[in-house]
Amino acid sequence: MPLVYPAVLAALLFAIGVYGVLARRNAILVLMSVELMLNAVNLNLVAFDVWLRDTLHAGQALTLFTIAIAAAEIGIGLAIVLMVHRNKGTSDVDRLRDTAEAPHESTDDTPTGEKAEATA
């Protein structure tokens, strides 16, 4: 089989993954798109390993490492997404950008909790 077939397929998979990362708003779909891009890399590694007829099969060994890293990434990523969804009630990436607290505009040196107790 010519090398161009798996290379074109991997390029298409990678392009679909990039589109998914850039266009999707749901964090789980973004993680799925990253997995799609990693699978495109795996396809290229194995295709070039077969094409070069490497006796050490370095492309296949690197593919195993990539699969292990992808499994760890999806496990940690899903755990983070589930915790954020429990706390915020959404997994929308655009809404999660606003999770950082805005700086307080009070001129007092006392924190807001102490100021509220002092006025009460």
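The following dialogue reads a predicted model, one feature at a time.

Student: How many helices and strands does the chain have?

Tutor: One begins with the secondary structure elements. In this predicted model the chain has five helices and zero strands. Read along the sequence, the pattern is α-α-α-α-α.

Student: What share of the chain's residues counts as buried?

Tutor: A residue is called buried when its relative accessible area is under 20%. Of the 120 residues here, 20% count as buried. The accessible surface of the chain comes to about 9000 Å². Carbon and sulfur atoms account for 66% of that surface.

Student: What share of the contacts joins residues 24 or more positions apart?

Tutor: Among contacts with a separation of 6 or more, residues 24 or more positions apart account for 54%.

Student: How far apart should the end C-alpha atoms of helix α2 be, and what does the model show?

Tutor: The expected span rests on a rise of 1.5 Å a residue, applied to one less than the number of residues. Helix α2 covers residues 27–52, so its 26 residues should span 38 Å. The end C-alpha atoms of α2 are 38 Å apart, which agrees. For α3, which has 31 residues, the distance from first C-alpha to last is 44 Å, close to the expected 45 Å.

Student: Which residues of α2 are buried, and what covers them?

Tutor: The buried residues of α2 include Ala27, Val30, Leu31, Ser33 and Glu35. Met37, Ala40, Asn42, Ala47 and Asp49 are buried in α2 as well. Their cover includes α1 (4–23), α3 (58–88) and α4 (93–96).

Student: Which residues of α3 are buried?

Tutor: In α3 the buried residues are Gly59, Thr63, Thr66, Ala70, Gly77 and Val81. What covers them includes α2. The covering is thus described from both sides, since α3 is also named in the cover of the buried residues of α2.

Student: What is the sign of phi in the residues that follow these two helices?

Tutor: Phi is a backbone angle, and its sign is read residue by residue. Just after α2, arginine 53 takes a positive phi of about 55°. Glycine 89, which follows α3, also has a positive phi, near 85°.

Student: Is threonine 66 buried or exposed, and which residues does it contact?

Tutor: Threonine 66 lies in helix α3. Its relative accessible area is 15%, so threonine 66 is buried. The side chain of threonine 66 reaches the backbone oxygen of leucine 62 at 2.8 Å. Leaving aside neighbours within four places in sequence, threonine 66 is in contact with Leu38, Asn42 and Leu45. One of these partners, Asn42, is itself among the buried residues of α2.

Student: Why is glutamine 60 counted as partly exposed?

Tutor: Between buried and exposed lies an intermediate class, which extends from 20% to 50% relative accessible area. Glutamine 60 belongs to this class because its relative accessibility is 36%. Glutamine 60 is found in helix α3. Not counting residues up to four places away in sequence, glutamine 60 touches Val46 and Asp49. The C-alpha atoms of glutamine 60 and phenylalanine 48 are separated by 9.5 Å, the two residues being 12 apart along the chain.

Student: Which residues make the nonpolar surface patch of about 590 Å²?

Tutor: That patch is made by Met1, Val4, Tyr5, Val8 and Leu12. One of its members, valine 8, is found in helix α1. With a relative accessible area of 45%, valine 8 is partly exposed.

Technical notes:
Residues numbered from 1 in each chain as written. Predicted model: local features only at pLDDT ≥ 70, side-chain atom pairs only at ≥ 80, totals over all residues. Heavy atoms only, no water. Helix = DSSP H or I, 4+ residues; strand = E, 2+ residues; numbered from the N terminus. Buried < 20%, exposed > 50% of the residue type's maximum accessible area, 1.4 Å probe, protein only. Contact = heavy atoms within 4.5 Å. Patch = residues over 30% accessible without salt bridge, like charges linked within 9 Å, V, L, I, M, F, W, Y side chains within 5 Å. Areas by Shrake-Rupley, 256 points an atom, 1.4 Å probe, with all protein chains shown as cover. Salt bridge = Lys/Arg side-chain N within 4 Å of Asp/Glu carboxyl O. Polar contact = N/O pair within 3.5 Å; in protein donor to acceptor, adjacent residues only side chain to side chain.
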